[in-house]
Structures are given as structure tokens and as C-alpha cells.
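Colleague: I am new to this structure and would love a guided close look at one part of it. Could you choose a good place to start and then lead me on from there?

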Amino acid sequence: MSSMPGRAGAGPVAPVHQKGPRRFWIQQFYGSALGKKAVMALTGIIGLGFVFMHMAGNLKIYTGENADGVKHIDEYGEWLRTLLEPAVPHTGTLWLLRGILIIAVLLHIHAAITLSMINRRARPTGYKGGRTYGLGGTYVARSMRITGILVAAFIVFHLFDLTWGPANPDFERGQVFHNVTSSLDRWWVAGIYIVGNLALGLHLWHGVWSLFQSLGLNNPRFNTWRRGLAWGFTVLVVGANLTFPIAILSGAV
Amino acid sequence: MNLTLKVWRQRGPSDAGHFEAYDAPGITEDMSFLEMLDVVNEQLIHSGREAIAFDHDCREGICGSCGMVINGKPHGPKKLTTTCQLHMRNFRDGDSITVEPWRAAAFPVVKDLVVDRRPFDAIIQAGGWITAPTGGAQDANLTPIPKAVADQAFDAAACIGCGACVAACPNGAAQLFTSAKAAHLNLLPQGQPERWSRVTAMVDRMEEYFGSCTNYGECQQACPKGISIDFIAMMNRDYLKAQFKDRKRLVGASDLAGDGAG
């Protein structure tokens, strides 16, 4: 702890964040809250890339089947397994991408938890007389932890439902179209997908805007575009994702 | 105007503290908020009770001493206005006003509405200075600075260190203060030699006492000097760049600063 400049009658101010001795620069960097925020932004960008590609791939549900009667989305699912073959083994590229994604998600969650703990220590008592917050966007920003937990819970359900199968009695490995339509035909499953995607939307809306700030990619000339980009990306991804349960429930697919 | 006040009273750092209600009759709308508190304190003193303690100095909005959360907002309801410049005409006759000190782990309550803001001084000590020798005044315009840059540096330098940004932040973060103090030097030629070590040292010191930024934007809403969170982005960018610029820490300001965080 550093020494405090003098003030009569006042004791030391307790620090909320103790940093250890100097380490390798990347540890030192991740040890700082600013470094963790940068990692949150970068891993968030990886997540944005994933949700966009996931949404775009799913649109193949609407494009029908090929000449052999294989659904386009099933064909696409198989293609992901054969990516860059024969240079890499079967499912090699897919597992590389999954590995990057898993590491990104774990780092994102670790940074979120450790930063939240620091922040809680930094503000141990709230305003006893109440506090009036200024911005509408603050509510979305302040609910990032809740929407983050909802999205994480939704992803776990989604994996059990459509990747591993135990949550779906009609699950058949590799039959993407069949699995999606049979699972989302259940109203409560469709409901979970809708709620999960709305939570994702709130998370994206703040995240896309916020990552520029955390990485310092800020220029007063372009700042107004950041809000527009956040809106556009959120509406595109969440809007398209929401059409899937609705289309299947209504029998359009 | 006749008002009712609900004021936070706390005898010392270890006291739990509580709200006390006071009547404030005969307030004129031309009084500042602090002058209104002076009137209430006169009454308290006359009735043999202890006056409400609050920090104040210049009473013209430039020293940064005063500051309290008024009706849930740091410095009260009026934008770009310190507590001392907040006039009672912003309230209505019969209003009930809640007054409470800044709340943050870094700003423990000393007494009533007075908080200890020394962690701000610690941040300045870590890097809020330049080591250029200051001899006689040099000729005007010897160091050309573009007008836009000078304006931006001045916007940052407008920070009075009142702590409203920390008070407004749900995380108790001091990013707006630290970024303004770093930016007003880092934008100008005189600040360049120590730019990267400065931002590293100031951020490291800040993080010892304050929370982290989650980009709520509450600080810039509360700032009486209208300092923008764009300065926070600039600090983040400089901190990231400093990881590569100052790797060998040849000019590590956190070492030069004396007591050393490490």
C-alpha cells in the first residue's frame, strides 16, 4: 500500500486491490483492471464473431435442400467438420475454433467475476437516501451481469438440447434440421430460446458500444456511429435468431 | 422558502451514522446550497446542537472542496454545477431535501458530509506532474500547440478533483478524474517525455483504491465541469500502448514516485 498524504485525524484509506510484485508483463497486464477490461473487449469480439456466424449459418434452415435431398443446414454442419481437410484432420479446424471460443468465454467470465469483486469492495455501502441515475442506457449496462448469467445458462441448455442431445428426446446426431425443428416445436423450448436471445440482445447492445471504450478505440468524430453499430448488430443477430423459434412454432418451417 | 432537510450525521469514521431531519425556514431563493446549510447550522448552534460538518472553500465552483449527494445526485439536480453554485431557486417551497456524503471505499466519511479524498492526491503523486525544469518564463508561442489540442487539454484540465465522478459511479471508480489529470498533460508537448510511464503509474495507483470502469457513463453526467468519458478511452488507449512503449520501464514513474506500489 502506498503512503497517504497527511490529513489530521484521519487513518489510512484501505486499498481495494492489492497487486503482487512485478511479474511477466502479460500477467502484470491482466492483473490490472484496465487489462481485464481489454481482455473482456477482445474476448467479446470473438464472441460477436461467433454469434454472427452462428446466426448466418442457421439461416440455411430456410433455404431448403440440395439435389440429393439433403437439407442445406445438414450439409453445412458436415462441411464445418471437414473444414481445411485434408490439410488438417477431420473436425480439426472445428475443434481449433471451438478451443478459441471456449478459452475466450472462460476468460470473459473470469474477468467479469474478478472485476465485479473489486467493484463490490470499492463501493461497500450504497446511498442510504437513494440514488437517481441519469441515463436510460445505464439500466442495460448495469444488468450486464444478469444478462451474462442468463446467456451462459441458455448456452448450457442449448448445448444439452442441440449439440449433445439429452434435452431433446428426438435427437439424432448430425441431423441438424430434424433436431432443430423437433426441439423447437415444444412451446417451452421455443420460449427458452426467445428469452435467451432477448438477454443476448441486451448484452450485445451494451457490449458492442462498450468495447470501443475499453480498447480506447474512441474518436469524437466516429462516436455517434458506435451506438448505431450496437443497434444494427444487435437487431440483425437477435432479430434473425428470434425468427427460428417463431417460424418453427408457427409451422412455417 | 421553507424546506425540510434530511441530513446524514456521522460523528466519525467508525460511527455507523444516520439521517436526521431539520426544518429550514426562511430560506431565500438567492442563497446557495451551502449558504442554506450555514443558516441551518446557525440554528443548530443557537439551540446548543452540533453544526453539520461539510467541506467548502472558494464557493465559486473552482476549488473542488464542496460536494455532497443531494436528492440522489452528486452536486444536486442542476447540471454542470457544484454544490456551492447550486442556488435554492432550483428547489420549491416545501421541498424535502436529502443530503448525504460521497459513498466509496476510497472516500471514507470523516464526519457528517466530509469525506477523506486523499486517494486522489495519491493518484496525482504517482504521475500528475512533469519533471521539466521551470526557469524563467519563455517567449510566447515558442512551443506551438494546435488550437484544437490546447482546447482539449484545457477541457481535461478543468477537472477540480471534487470526486463527484467517484460518487456517481456504481463501482466507485475514479476513471474520469484520473483520465482528465493524465490527458491534460499527455495531450501537450510538455507532457510527452513521461507520457507512457505517467499513464501506467497513475492507473496502477488508481486501481489500488478504486473500482473498475464498466462504461455506465454516470460520471460524465455528474461532472460539474462537463468532462467527457472520451478522456477515459484515451487513458485506456495510452495504457494499452504503454505496455509496448515502456516495456523495460527505463523511466518507470512508479519507481520514481517514491514509496512504490510494487
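**A close look at one helix**

Modeller: Happy to! Let us start with helix α9 of chain A, where A:A230, A:T234, A:V237, A:V238, A:N241, A:F244, A:P245 and A:I248 are buried. Please keep in mind that this is a predicted model. The helix covers residues 223-249 of chain A, 27 residues in all. At 1.5 Å a residue they should span 39 Å, and because the end C-alpha atoms lie 40 Å apart, the expected and modelled spans agree.

What do the buried residues of α9(A) pack against? Their partners are three other helices of chain A: α2 (33-58), α7 (176-184) and α8 (187-214). Follow the chain just past the end of α9(A) and you meet A:G251, which has a positive phi of about 85°.

Two of those partners also lead us to the other chain. Both α2 and α8 are among the elements of chain A that give two or more residues to the side touching chain B, along with α1 (25-31), α4 and α5 (137-142). Of these, α4(A) provides the largest share, 5 residues. Taken as a whole, 53 residues of chain A are in contact with 54 residues of chain B. Sorted by class, the chain A side of this contact holds 25 nonpolar, 19 polar and 9 charged residues.

Helix α4(A) is also a handy signpost for a backbone detail. In the loop between α3 (72-81) and α4 (92-122) of chain A you will find A:P86. The peptide bond that joins A:E85 to A:P86 is cis, with omega about 0°.

Now step across to chain B for two more backbone details. B:H75 is not a glycine, yet its phi is positive, about 65°. Look for B:H75 in the loop between β4 (73-74) and β5 (96-100) of chain B. Is B:H75 buried or exposed? With 27 other C-beta atoms within 10 Å, where 20 or more are needed, B:H75 counts as buried.

B:D112 gives you a second case: a positive phi of about 45° in a residue that is not a glycine. The loop that holds B:D112 runs between β6 (109-111) and β7 (114-115) of chain B. Here 25 other C-beta atoms lie within 10 Å, so B:D112 is buried too.

To retrace the path, begin at α9(A) and its packing against α2, α7 and α8 of chain A, go on to the side of chain A that touches chain B, and finish at B:H75 and B:D112 in their loops.

Terms used
Residues are numbered from 1 along each chain as its sequence is written. Chains are lettered from A and ligands numbered from 1 in the order in which they are written. This is a predicted model: local features need pLDDT of at least 70, side-chain atom pairs count only at pLDDT 80 or more; totals for chains, interfaces and linings use all residues. Helices (H or I, at least four residues) and strands (E, at least two) are DSSP runs, numbered from the N terminus. A residue is buried if 20 or more other C-beta atoms lie within 10 Å of its own, exposed if 12 or fewer, and partly exposed in between; C-beta atoms are placed from the backbone. The expected span of a helix is 1.5 Å times one less than its number of residues. Two residues are in contact if their C-beta atoms, placed from the backbone, lie within 7 Å. Ala, Val, Leu, Ile, Met, Phe, Trp, Tyr, Cys and Pro count as nonpolar, Asp, Glu, Lys and Arg as charged, and the others, Gly among them, as polar.
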